[in-house]
Amino acid sequence: MAELRLARRSSSLPLTGLMGVVLLVFVFVASASRDVVSENNKTWRDPAGETRGDSHHQTNSTAHKKAFPVLSFNYEHVKKPFEISLWILLALLMKLGFHIIPGVQNIVPESCLLIGVGLLVGGIIKAIGGEAPVLDTKLFFLYLLPPIILDAGYFLPIRPFTENMGTILVFAVVGTLWNTFFIGGMIFAVCRLEGGQLAGVDPLSCLLFGTIVSAVDPVAVLAVFEEIHINELLHILVFGESLLNDAVTVVLYHLFEEFTHEGTVTVVDAVLGVVCFFVVSLGGILVGAIYGVLGAFTSRFTSHTRVIEPLFVFLYSYMAYLSAEVFHLSGIMSLIACGVVMRPYVEANVSHKSYTTIKYFLKMWSSVSETLIFIFLGVSTVAGPHAWNWTFVIVTVVLCLVSRVLGVIGLTYIINKFRIVKLTKKDQFIVAYGGLRGAIAFSLGFLLTNSKMKNMFLTAIITVIFFTVIVQGMTIRPLVELLAVKKKKESKRSINEEIHTQFLDHLLTGIEDICGHYGHHHWKDKLNRFNKAYVKKWLIAGERSTEPQLISFYNKMEMKQAMMLVESGSAAKLPTIVSSVSMQNIQPRGPARHRAIPSISKSREQEIRKILRANLQKTRQRLRSYSRHDLMIDPFEDNVSEVRFRRQRVEMERRMSHYLTVPANRQETPPVRKVCFESEHKVYTYDDSKSPLGRTAEPDPSPPDAVSLLNESSQRANQSSEHRAKRNDELRAKVPDEKEEQDQLKLSRCLSDPGPNKEEDLS
Amino acid sequence: MGASQTRTEKYQDLADKTGFSLEQIENLHKRFQRLSDNEETIRNQHPKEVGSCEEIGFEQFLMVMSHFRPPSLKTTEEEKEAMRKEKLRFLFNMHDTGNDGTITLVEYRKVVEELLSKSGDIEQETVKAMADAAMLEVASTNVPHMAPDEFYEGITFEHFEQILKGLEMETKMYIRFLDVETPTLSCGNSTS
């Protein structure tokens, strides 16, 4: 029924959605063109104001007295925030629309749709004649890019990243260099050959162009790869490369720009360029790490002001980015380093709510930024001055593809010699195909100062971006399906996997030690030790600084399960319990275990005996009056309610213990109670071979025969202590599980019900 | 001449059995010599431990090491499966100190305890709780419907395989065996 309603809604929704969108677009466009109108308004209002003022000055009562404006219109006042908000609202409504309209999602990735919308809006604005906002470089680099990078860096999966660090670095550095020089060189050659309009292009400009257009863009990669759920290795390879090539891009860009101004290049300059690369990348990482440590340290003291905790994370990271940009270091790498360094300590320190806040704010901001970037890209395309040159553009696009493919194949050949888990041809294809260009290239192109070539370059850059994002973005999903590339593993981490991952770490470190070389695991182990010994003490508040990772994982998991239990309401509404296995299935029961019984202290033993005696004598008296044949009937009838009550509780506790494996109540073992008689004459001997009284009765009695007897006898003993049992049941449910496991089970075996509560009474 | 020839023959034999290359075996042999003070066998420092033997020779040393070889580009899917099984078998045998084919709760508890032993004072309760949770998970994944009376004996090898399927052991459990000798750690016979 709900589906039907939904279907009906969804069919009418696109229509209403479309209308709403069109309306909004018009409102927005109208506001954009209001610049023109508002000017008139201002000039208009001023003379009116002046006359009013004059008239007031002259006399109290004037001839033309203007009525007090009840409702006035002043748009200038709020113009800027209004427009910004309107833009963001438009972007988000677009995003919403794409998710509501069914079927669109599967064919076209969101980024393409957003670019389309941008084109549309830009076209409308241009048609009306207003001034379209362009993707201002400052706006992009200072406001739109950082949230996306921070989101990526904070949630970067560390393990696969560090495991593949070598490969990623080779792709990022060597790959980008190769791309730059190949594209730059070939373009220059083509321009020379072509002549005409292109003849004036000098080699350095070509290389600069090559730099801009060859860098893989993290925003585009994120946007497209997010939707195809590819396996972790490939995702981290392409994504890591897009992040780390920023350093190379920054260095090359500034280098070539300097050179174009200078005009000549010397060897010294080239060497300085290489040095600059190391300074930029390592400096960026250092700046990020410092801010990260500061952030972690600050979060240690925020236990009393939980509300502002997320702000610290955001602000320290943003400062890291800005500080790096001040020195022309790589801002992206700084941001990534800050997030990575800060995260483990901050997460140990902040409250759960703050953690959720941080997560959601980062996701929210990065989502908005991404949407805005793509829309602006579309708008700027329509707006910007273009110089279309068929040869140039087509050659650029072709060269980008070719150089990417060649680069990946060549590098993989070299890398595979050093990798243990080699990259297959399928992997190589995805890595090559996933090299998307995006808004960073566009913004860098915008920064170009040489206006002669600028328009031509910009046009080519935009074409490449459109080609990679639209064509490659749309076709990568079917290709992934076609090539049957491994998808991301959906299941959550289980505790067994965590235990074994840690176990493997230790094991492999040990084996490396045996073989005697400093391998990957050796260094990782050293880093962990250093971390635990020194760093954690400083950066994590309180006791959690000594908590090993396995335990924090376990606690997190328990909390999640507990919350799930709470959210699902009462036990009756628990979601499908997949298995009915519970604690009692694992806990080995009496006969299966042959454990040595530890000795109890003498006084305790005495008291236990006293109680047993008291209890048993009562029942013995009762028992005498029964004949064996009556046993079967009475106990059951009398105890039916109690049994039912107990069974319900068992059920409930089993369900609870399924979710909360903190041993709720170890008492649940005996539905079959191990109370047995030897004979009526031996008072004390509620015995099986494992009683604390030390008297071995029949050694491992014939249990199958005795079972029914045992059952009956337990029922019988129940009667007398029924009243007591009920009270004790309630008590027991609240008894925390502090006692020795042994004592509990033993006593519960020997006494039908009152288990630890006996000890409670005693102690 | 004769001695070196028999040695290469022996190495070839070992290479066939374990899959190492001749250079790697050479390297490992040198390491073995260092660990055993140039004797034939390495003696066990803690001979009385459960499941350990007195001493091991070079061949046994190699056999153990061969469990840690990585898959190569040419390994087929079946070979990868076989490799994974072999590695999981190794891990399973490590846990199963009682040698009865199952990992009981006690044995698993010991594993978790050892894992956390270096991290200062861990409460026994936490260790127990964690081991119980892990065991519960294995049981519920593999034998979803157990009556309250049934008792889950222990993790069998099939269950173990099932539960660690997601980790893809053949890509994780390996170390890099070198072909050339590098300056090695001078740990020698040091105990941890």
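Here are a few questions and answers about this predicted model.

Colleague: Let's start with the overall make-up. How many helices and how many strands does chain A have?
Modeller: Chain A runs to 763 residues, and 47% of them count as buried. As for secondary structure, the count for chain A is 30 helices and zero strands.

Colleague: What share of the contacts in chain A with a separation of 6 or more comes from residues 24 or more positions apart?
Modeller: Take the contacts in chain A whose partners have a separation of 6 or more. Among those, pairs 24 or more positions apart account for 82%.

Colleague: On to the surface. How much of the area that chain A exposes do carbon and sulfur atoms supply?
Modeller: Chain A exposes about 39,100 Å². Of that area, the carbon and sulfur part is 65%.

Colleague: Which helix gives the largest share of the largest nonpolar core?
Modeller: That core has 131 residues, and Phe140(A), Leu145(A) and Ile187(A) have the most contacts inside it. The largest share, 16 residues, comes from residues 232-262 of chain A, which is helix α11.

Colleague: Which residues does Ile187(A) touch, not counting those up to four places away in sequence?
Modeller: Ile187(A) is one of the residues with the most contacts inside the largest core. With those sequence neighbours set aside, its partners are Cys206(A), Phe209(A), Phe392(A), Val395(A), Thr396(A) and Leu399(A).

Colleague: Is Thr412(A) buried or exposed?
Modeller: Thr412(A) sits in helix α16, residues 390-415 of chain A. Leaving aside neighbours within four places, Thr412(A) is in contact with Phe171(A), Leu423(A) and Gln428(A). Its relative accessible area is 1%, and the cut-off is under 20%, so Thr412(A) is buried.

Colleague: How far does helix α5 of chain A reach from its first C-alpha to its last?
Modeller: Helix α5 covers residues 110-128, 19 residues in total. Its buried residues include Leu113(A), Val117(A) and Val121(A), and Gly129(A), with a positive phi near 105°, follows the helix. At 1.5 Å a residue you'd expect 27 Å, and the model comes close to that, with a reach of 27 Å.

Colleague: Now for a pair across the two chains. Are α20(A) and α6(B) parallel or oblique to each other?
Modeller: Helix α20 (residues 495-515) of chain A packs on helix α6 (residues 124-142) of chain B, with the axes 8 Å apart. Ile495(A), Asn496(A) and Ile499(A) meet Met130(B), Ala133(B), Ala134(B), Glu137(B) and Val138(B) there. The angle is about 120°, and the pair is therefore oblique.

Methods: Residues are numbered from 1 along each chain as its sequence is written. Chains are lettered from A and ligands numbered from 1 in the order in which they are written. This is a predicted model: local features need pLDDT of at least 70, side-chain atom pairs count only at pLDDT 80 or more; totals for chains, interfaces and linings use all residues. Side-chain values use heavy atoms; hydrogens and water are left out. Helices (H or I, at least four residues) and strands (E, at least two) are DSSP runs, numbered from the N terminus. The expected span of a helix is 1.5 Å times one less than its number of residues. Buried means under 20% relative accessible area, exposed over 50%, partly exposed in between (1.4 Å probe, protein chains only). A nonpolar core is a set of buried Ala, Val, Leu, Ile, Met, Phe, Trp, Tyr and Cys residues joined through side-chain atoms within 4.5 Å. Contact means heavy atoms within 4.5 Å. Accessible areas come from the Shrake-Rupley method with a 1.4 Å probe; for residues, only the protein chains shown count as cover. Axes are lines fitted to C-alpha atoms, for helices over the stretch in contact, and angles run from 0 to 180 degrees between N-to-C directions. Angles under 35 degrees count as roughly parallel, over 145 as roughly antiparallel, 65 to 115 as roughly perpendicular and the rest as oblique.
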